[in-house]
Amino acid sequence: SYKKKDLDSFYDLYEKYRFSKFKKIAQPKSFFDNIFNTYIQKKNGFIISAYKKKKLLSSMIYICNYKDKKSYYKFGCSKISNKYKSNNFLIQEAIKFLNKKKN
C-alpha cells in the first residue's frame with residue numbers, strides 16, 4: 001500500500017506492540033509521517049499488512065531503491081497474541097512483490 005490510512009493503521013499497532021513487548025514508547029507519529037512523505041507517498045517504499053477478518057495482525061514498512069534494485073525492511077509489528085505467523089507470510093509476499101518489480 002501507498003496509502004496514509006495504512007500508515008495510520010501500522011502506527012496504531014506499532015505503538016501498542018512497542019509498549020506491550022518492550023515497555024518502551026514508540027517513535028513519534030511525525031517520524032513515520034516523514035518516512036511516508038519522503039518515501040512511501042513517492043512510491044519509493046511501501047506498507048504491507050496482514051489481516052484476518054478485517055483485524056490487523058501484522059504490518060511492515062519497506063524502503064526501496066528500485067533503480068539500484070535494493071529494498072530495505074525498516075519497521076514491523078504484529079499483535080502480541082498473533083498465532084498465525086503473519087510476519088513470515090508478509091516477508092514472503094514482500095519478496096514476491098519485489099521480484100516482480102525487478103522484471
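## Exercises on a pocket, an aspartate and two cysteines

The largest pocket holds about 160 Å³ of space. Keep in mind as you work that this is a predicted model.

**Exercise 1.** Work out which residues line the largest pocket, and which element gives the most to the lining.

*Solution.* Start with the list: the lining is made up of N65, Y66, K69, K70, S71, I95, L98, N99, K101 and K102. Next, look for elements that give two or more residues; these are β3 (70-78) and α3 (86-102). Of the elements, α3 gives the most, with five residues. Finally, sort the lining by class: four residues are charged, three are polar and three are nonpolar.

**Exercise 2.** Find D6 in the model and decide whether it is buried or exposed.

*Solution.* First, place the residue: D6 sits in helix α1, which covers residues 4-22. Then check its relative accessible area, which is 12%. Buried means under 20%, so D6 counts as buried. Now look around it: beyond its neighbours within four places in sequence, D6 is in contact with S1, I47 and Y51. With S1 there is also a side-chain polar contact of 2.4 Å.

**Exercise 3.** Explain why C64 and C77 do not form a disulfide.

*Solution.* Begin with the distance: from the sulfur of C64, the closest cysteine sulfur is in C77, 17 Å away. A disulfide needs the two sulfur atoms within 2.5 Å, so this pair is too far apart for a bond. That fits the search of the whole structure, which finds zero disulfides. As a last step, check burial: C64 is buried at a relative accessible area of 6%, and C77 is buried at 2%.

Technical notes
Residues are numbered from 1 along each chain as its sequence is written. This is a predicted model: local features need pLDDT of at least 70, side-chain atom pairs count only at pLDDT 80 or more; totals for chains, interfaces and linings use all residues. Side-chain values use heavy atoms; hydrogens and water are left out. On a 1 Å grid over the protein atoms alone, a cavity is a set of points where a 1.4 Å probe fits but cannot get out, and a pocket is an open set with protein on both sides within 12 Å along at least five of seven lines; lining residues have an atom within 4 Å of a point. Grid points are joined across faces, edges and corners, and a volume is the space filled by probe spheres set on the points. Helices (H or I, at least four residues) and strands (E, at least two) are DSSP runs, numbered from the N terminus. Ala, Val, Leu, Ile, Met, Phe, Trp, Tyr, Cys and Pro count as nonpolar, Asp, Glu, Lys and Arg as charged, and the others, Gly among them, as polar. Buried means under 20% relative accessible area, exposed over 50%, partly exposed in between (1.4 Å probe, protein chains only). A polar contact is a pair of N or O atoms within 3.5 Å; within protein, one must be able to donate a hydrogen and the other to accept it, and residues adjacent in sequence count only if both atoms are side-chain atoms. Contact means heavy atoms within 4.5 Å.
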